[in-house]
Amino acid sequence: MKQRKTPVTASHVDDASNKKPSSRSPKPKISSPSLFEVFLLCLVTRITNSLLVQTYFNPDEHWQALEVAHRITFGYGHLTWEWKKGIRSYLHPVLFAALYKALAFLRLDTPWFMIRAPRLLQSIYAAIGDLYVYKFSRVLFGVNVAKWALFAQLTNWFTFFCITRTLSNSLETVLTLVSLYYWPCLRVFSTEVPSGSRKYALAIAAAACAVRPTSAITWIYIGCLELFTTLDKLKFVLLEVVPIGALVLGLTFLLDCQFYGSWVNVPYNFLKFNFFSSGGDYYGTHPWHWYMTQGFTVMLFTYIPFFIAGVITSKEWKLPGLIAWVLGIYSLLGHKEFRFVLPVLPIALMFSGYFLANLEQRVLSERKVKEKSTSHIKPFPKLQMAVLFLLVTNIPMALYMSTVHQVCIIAATNHDLDLSMNSKLYSLRLILDDALTFGTYLKVGVVYWY
């Protein structure tokens, strides 16, 4: 397999230790924070993130996750038509049902905890995803790029707006990032991948497909790439892909059958409705170029030029190819949404981090040249201006979308809860029933407007 040259921005780093910089690498040593410190930073950021998000985005956040989990836990709640048709897996709602069970056991099943706890749980998953953005960038490009990739991940407005929501796409994104880290075909040197890494990658990828069957779009590309680059092709297919995929999807099949009360093949029903019969078009269609001209570009926002520059300067083609593949396949479908391509957004931000790290090295080199020269002219603070530009454009956008845009739907439901509590209907079930009725009314009123 052809090996890509180590980028000039930083030395190659693996999980065990940092390698010595090459002759073309910058001289100053780059301090590497521990993974615990990185995770702690991500966790604090995402917990704060989850508490700040107070706006409405998509009905699936409630009706395909929390409402189903509430029904599993307390025995009642509304199920939408998707659950009657068997096109949704119970694997995702079960995670929140377990949380609700724990809250009920601890007698913390009050409105305050019931509303906030699911997003706090999702913030933990999101922090794990952020950690793997850092780890994946580190093994590919080095510590310096990993720091900037994490900066991009934590400051991007759409990631802030969406990743802590209880959407299946949010969990799919985390599982995708974790799985990508373990695939040998994506490493610079495949021999450095720990033994059994590919099996972990396959198991997590299968779980992502169980949560959301369209995740298979990502893994078809990665699987073909691994098949092309690996020497043990038969072992990969027959002894890893088939048994691991069958085991994970088989367990999910049994879980779904248990909750549905009958034999239901959720992945088949899901793909049949969304791909083979274009059932998703009922909820609106967009032109084929929507992801390229509006959807994904809005998600990247002001990181677009940094992403493009990072792809060009890194000379890495596998991951940009994955982004192009996912956007291309989703573009063939009539119904399009921002959240569908959320799993590849962190990959794009990783390349934005690559360019920022490259820019930092240039600034350091220019500073050394200026120090040696007799000129007293200070170099233009390119890096500082770039960081300021990204912060000024993304942070206000993130806060506005998370605290102001479409906040009335959530505020009105909370107000209805307060009225119920003030009317001495402090039974949690009565409160939730009341909120459900009002929420259903609101959903009918706004889903088509959105």
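Q: The expected span of a helix is 1.5 Å times one less than its number of residues, and helices (H or I, at least four residues) and strands (E, at least two) are DSSP runs numbered from the N terminus. How does helix α9 (residues 197–211) compare with its expected span?

A: Helix α9 has 15 residues and covers 21 Å from first to last C-alpha, close to the 21 Å expected. One thing to know early: this is a predicted model, where local features need pLDDT of at least 70, side-chain atom pairs count only at pLDDT 80 or more, and totals for chains, interfaces and linings use all residues. Residues are numbered from 1 along each chain as its sequence is written, and side-chain values use heavy atoms, with hydrogens and water left out.

Q: What makes α9 largely enclosed by the rest of the structure?

A: Buried means under 20% relative accessible area, exposed over 50%, and partly exposed in between (1.4 Å probe, protein chains only). Eleven of the 15 residues of α9 are buried, so the helix is largely enclosed. Among them are S197, R198, L202 and C209. The buried residues pack against α4 (91–105), α8 (168–182), α10 (216–229) and α11 (233–260), where contact means heavy atoms within 4.5 Å.

Q: What does the whole chain look like in helices and strands?

A: The chain has 19 helices and zero strands. Buried residues make up 52% of its 450 residues. Of the contacts between residues at least 6 apart in sequence, 80% join residues at least 24 apart.

Q: Why is C257 called buried, and why is C224 called partly exposed?

A: C257 has 10% relative accessibility, which falls under the cut-off, so it counts as buried. C224 has 48%, which lies in between the two cut-offs, so it is partly exposed.

Q: How many disulfides are there?

A: A disulfide is a pair of cysteine sulfur atoms within 2.5 Å, and by this rule the count is zero.

Q: How do you know that S331 is buried?

A: Its relative accessible area is 8%, under the cut-off, so S331 is buried. S331 sits in helix α15 (residues 318–331). Leaving out residues up to four places away in sequence, S331 touches W288, Y291, M292 and K336. The C-alpha atoms of S331 and Y291 are 6.7 Å apart, although 40 residues separate them along the chain.

Q: What makes Q122 buried?

A: A relative accessible area of 0% is under the cut-off, so Q122 is buried. Q122 lies in helix α5 (residues 111–141), and its contacts beyond four places in sequence include F96, I163 and R165.

Q: Why is the pair of Y90 and Y260 called edge-to-face?

A: Rings of Phe, Tyr and Trp (its six-membered ring) pair if their centres lie within 6.5 Å; planes under 30 degrees apart count as stacked, over 60 as edge-to-face and the rest as tilted. The structure holds 30 aromatic pairs. In this one, the centres are 5.0 Å apart and the planes are at 80°, making it edge-to-face. Y90 lies in the loop between α3 (81–85) and α4, and Y260 in helix α11, so the pair ties together parts 170 residues apart in sequence.

Q: How do you know that the rings of W183 and F236 are edge-to-face?

A: Their centres are 6.3 Å apart and their planes stand at 80°, so the pair is edge-to-face. W183 is in the loop between α8 and α9 and F236 is in helix α11, 53 residues apart. W183, at 2% relative accessibility, counts as buried, and F236, at 3%, is buried as well.
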